[in-house]
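Here is a short set of exercises to work through with the model open beside you. Try each task before you read its solution.

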Amino acid sequence: MPGVYLLVLAASIGGVAALDARFRLALWSAPRSTGDRPRRRSALTVAIGTAFFLLWDAVGIATGVFVKGDSPALLGFDLAPHLPVEEPVFLAFLSYLTLIVYAAVSRARSPRRARRAGSVASEPALSTSTV
């Protein structure tokens, strides 16, 4: 079934975006100070990560390390030789997921640091309870 991989990637991005919105981790985080633009900063971080990995792929393709495999799940369109159209979407997902995991771990660890220092944490930790 052509396109299944792209659909799975889109669903995965949607799931990570839902977690981001629920816990306000990156794209939906509150500004830290006047003039702070968390959406712009987060989008730029994902774009830079995606561009870095696309360059990495280009080097790997040029040196013959990376080759496109045969899969019926791919759409069959290539942006370049051995670079399927799904690759930039996957790399953007990878960058976004990394950003969300980093933000979640940073927030989860911040109350521990504040308790050790004897102060109250300013941001709530991630919690599974809905109090």
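**Exercise 1.** Is Trp 56 buried, partly exposed or exposed?

*Solution.* A word on the source: this is a predicted model. Step one is to recall the cut-offs: buried means under 20% relative accessible area, and exposed means over 50%. Step two is to place the residue: Trp 56 has 49% relative accessibility, so it counts as partly exposed.

**Exercise 2.** Describe the aromatic pairs of the structure and find the residues that they link.

*Solution.* Start with the count: the structure holds two aromatic pairs. In one of them, the ring centres of Phe 52 and Phe 53 are 5.2 Å apart and the planes meet at 70 degrees, so this pair is edge-to-face. The cut-off behind that step is that planes over 60 degrees apart count as edge-to-face.

Next, take Phe 52 and Trp 56. Their pair is edge-to-face too, with 5.7 Å from centre to centre and 65 degrees between the planes. Both residues belong to helix 2 (residues 38-62), where they are four residues apart, or about one turn of the helix.

Now join the pairs: Phe 52, Phe 53 and Trp 56 are linked by ring pairs into a cluster. To finish, check the cover on the two phenylalanines. Phe 52 is partly exposed because its relative accessibility is 45%, and Phe 53 is partly exposed because its relative accessible area is 28%.

**Exercise 3.** Which residues does Ser 95 contact, leaving aside its neighbours within four places in sequence?

*Solution.* First locate the residue: Ser 95 is part of helix 3 (residues 86-117). Then look at its cover: with a relative accessible area of 9%, Ser 95 is buried.

With the sequence neighbours set aside, the residues in contact with Ser 95 are Val 46, Gly 49, Thr 50 and Phe 53. Compare this with the buried residues of helix 2, which are Pro 38, Ser 42, Val 46, Gly 49, Thr 50, Asp 57 and Gly 60. Val 46, Gly 49 and Thr 50 appear in both lists.

One of these partners deserves a look at the atoms: a polar atom of the Ser 95 side chain lies 3.4 Å from the backbone nitrogen of Thr 50.

Last, try a residue that is not among the contacts named above. Ala 51 sits in helix 2, and it is partly exposed, with a relative accessible area of 38%. The C-alpha atoms of Ala 51 and Ser 95 are separated by 9.9 Å, although their positions lie 44 residues apart along the chain.

**Exercise 4.** How far does helix 2 reach from its first C-alpha to its last, and what follows it?

*Solution.* Count the residues first: helix 2 has 25. At 1.5 Å a residue, a span of 36 Å is expected, and the helix reaches 36 Å. Moving past its end, you find Gly 64, with a positive phi near 85 degrees.

**Exercise 5.** Find two residues that have a positive phi without being glycine, and say where they lie.

*Solution.* Begin with the background: most residues other than glycine have a negative phi.

Arg 24 is not a glycine, yet its phi is positive, at about 50 degrees. Its place is in the loop between helix 1 (4-23) and helix 2, and at 47% relative accessibility it counts as partly exposed.

His 82 also has a positive phi, of about 65 degrees, and is not a glycine. It lies in the loop between strand 1 (78-80) and strand 2 (83-84). At 39% relative accessibility, His 82 is partly exposed.

**Exercise 6.** Put the details into the frame of the whole protein.

*Solution.* List the elements: the protein has three helices and two strands, in the order α-α-β-β-α from the N terminus on. Then consider burial: 25% of the 131 residues count as buried. The protein exposes about 9000 Å², and carbon and sulfur atoms supply 67% of that area.

Finally, turn to contacts. Among those between residues at least 6 apart in sequence, 56% join residues at least 24 apart.

Note on methods:
Residues are numbered from 1 along each chain as its sequence is written. This is a predicted model: local features need pLDDT of at least 70, side-chain atom pairs count only at pLDDT 80 or more; totals for chains, interfaces and linings use all residues. Side-chain values use heavy atoms; hydrogens and water are left out. Buried means under 20% relative accessible area, exposed over 50%, partly exposed in between (1.4 Å probe, protein chains only). A polar contact is a pair of N or O atoms within 3.5 Å; within protein, one must be able to donate a hydrogen and the other to accept it, and residues adjacent in sequence count only if both atoms are side-chain atoms. Contact means heavy atoms within 4.5 Å. Rings of Phe, Tyr and Trp (its six-membered ring) pair if their centres lie within 6.5 Å; planes under 30 degrees apart count as stacked, over 60 as edge-to-face and the rest as tilted. Accessible areas come from the Shrake-Rupley method with a 1.4 Å probe; for residues, only the protein chains shown count as cover. The expected span of a helix is 1.5 Å times one less than its number of residues.
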